[in-house]
Amino acid sequence: MEQLAERLQASLAALLADPVLPTAIAAGGTGMVVLAILALLLSARRRRSETVAADNLRAELRLARDLMGAELAELKGRISTIADISSRRETELGATLDQRLDHVSDRLGQSLDKVTERLAASLADTGNRLGQNLSDQGARTTDGLSRLYERLAVIDTAQANLTELSSQVVSLKDVLGNKQARGAFGQLRMEAIIEDGLPRGAFEFQATLSNGKRPDCLVRLPSAPAPLVIDAKFPLEGFEALRLARTAEETQGAMQRVRTAVASHIDDIAGKYLIAGETQDMALMFVPSEQVYAELHERFPDVLQRAHRARVVIVSPNMLMLAVQTMQAIFKDVRMREQAGLIQREVGLLMGDVTRLAERARELERHFTLAAKDVEKILASSERIANRGKRIEGVDLAEVPESKAAAE
């Protein structure tokens, strides 16, 4: 049947490929009948193929069902075996757990007893330590309170000092605001530096010169023909105005004010205190403010040049201390030179004493040598006397003949 259908299909394909077929179909109905027969044959072949495929599918399904049933039976057997094994192991596990729980319960009871004993001992020890700690804490608290009271007392003292310092600052502000008081402040600071660094008699405050002027201090250096003049000046108004200046005009005006004030002080010192033959040709202008001194060196080099030409040196407190230390070194050097002769004389006398001591030591050594020889002689004589005494003690007088005894 299948071969017939294939042949019919091949014939149909050939007919359809023939170019005369459409003309034949149009000429009569024989061609239509042939086409209908071919269509029926093709439909029968398709149904036959579908029936065969359905039978094959049913056979495969039956085979798969049989295989699944066998596997299900085998699975049921394995599940049953696993259930039996699990039941036995569960029983064994329960027995083992019961044994271990009993053992753990016994050990836990023993451990709880030991822990209870240790806890009781620890509580007792802790109680003792707590009591001791409380006692120590009480002592430390008492000590801390006493220290706190002491610190409060120190704080009260510091507060009182701050109050006093505040009043002193207010008074210092008043002093700096008053020109005369400010000058006295600068002079006192200069005097304190001079008195701390130079010996008495090397300086004099408010000494009167031949022209009737009285500089703040004259320092008489050793081997110098004339004393050095030190005068304190405190041109604060111009610098204060310079500090408070906000505009360029204010700054320029304040700087001109500073130049005028400092130049006036320089001219006063140069004109009043530099006297030929009576004072040195150079004087110190003491400015009791490091800030003012720094401002002069930073912003007013022309003023410093003017002071240099006038042979007036502007010094701050630190610079004056350095100058005083230099003067102190000069005084020490002069004193050493003055004492050089005395030192040489004393060294000569000391060398004479050392020479005499050496001679007397040699004489004493000779005396010791002679005394040692005499002592050796005395020791030798004493040894001979002792030996003779031993021989005399060893003599048996009863056995010695009379003639021998008489001879001896």
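What follows is a working chat about a few local features of this predicted model.

Biologist: How many aromatic pairs are there in this one?

Modeller: Bearing in mind that the model is predicted, the count comes to 1 aromatic pair. The rings of phenylalanine 203 and phenylalanine 205 have centres 5.2 Å apart, and with their planes at 45 degrees the pair is described as tilted.

Biologist: Why tilted, and not stacked or edge-to-face?

Modeller: Planes under 30 degrees apart would count as stacked and over 60 as edge-to-face, so the angle of 45 degrees between phenylalanine 203 and phenylalanine 205 leaves the pair as tilted.

Biologist: And phenylalanine 203, buried or exposed?

Modeller: Phenylalanine 203 is buried, since its relative accessible area is 10%, whereas phenylalanine 205, at 21% relative accessibility, counts as partly exposed.

Biologist: Okay, moving along the chain, where does glutamine 187 lie?

Modeller: Glutamine 187 lies in helix α4, which covers residues 179–197, and with a relative accessible area of 19% this side of the cut-off counts as buried, because buried means under 20%.

Biologist: What does glutamine 187 touch?

Modeller: Leaving aside residues up to four places away in sequence, glutamine 187 touches Gln206, Asp216 and Ala232.

Biologist: Where is glutamine 206, then?

Modeller: Glutamine 206 is placed in the loop between β1 (203–205) and β2 (217–219), and at 25% relative accessibility it counts as partly exposed. Its backbone deserves a look as well, as phi of glutamine 206 is near 55 degrees, a positive value in a residue other than glycine.

Biologist: Why point out a positive phi?

Modeller: Because most residues other than glycine have a negative phi.

Biologist: Which other residue has a positive phi, near 60 degrees?

Modeller: That is arginine 311, again a residue other than glycine, and arginine 311 lies in the loop between α8 (301–309) and β5 (312–315). At 43% relative accessibility, arginine 311 counts as partly exposed.

Biologist: Changing topic to the surface, which residues make the nonpolar patch of about 480 Å²?

Modeller: That patch is made by Leu145, Leu148, Tyr149, Leu152 and Ile155. One of these residues, leucine 152, lies in helix α3, which is given as residues 30–177.

Biologist: How can leucine 152 be in a surface patch if it counts as partly exposed?

Modeller: Patches are made of residues with over 30% relative accessible area, and leucine 152 has 40% relative accessibility, so it passes that cut-off while still counting as partly exposed.

Conventions. Residues are numbered from 1 along each chain as its sequence is written. This is a predicted model: local features need pLDDT of at least 70, side-chain atom pairs count only at pLDDT 80 or more; totals for chains, interfaces and linings use all residues. Side-chain values use heavy atoms; hydrogens and water are left out. Rings of Phe, Tyr and Trp (its six-membered ring) pair if their centres lie within 6.5 Å; planes under 30 degrees apart count as stacked, over 60 as edge-to-face and the rest as tilted. Buried means under 20% relative accessible area, exposed over 50%, partly exposed in between (1.4 Å probe, protein chains only). Patches are made of residues with over 30% relative accessible area and no salt bridge: like charges are joined within 9 Å, nonpolar side chains (Val, Leu, Ile, Met, Phe, Trp, Tyr) within 5 Å. Accessible areas come from the Shrake-Rupley method with a 1.4 Å probe; for residues, only the protein chains shown count as cover. A salt bridge is a side-chain nitrogen of Lys or Arg within 4 Å of a carboxyl oxygen of Asp or Glu. Helices (H or I, at least four residues) and strands (E, at least two) are DSSP runs, numbered from the N terminus. Contact means heavy atoms within 4.5 Å.
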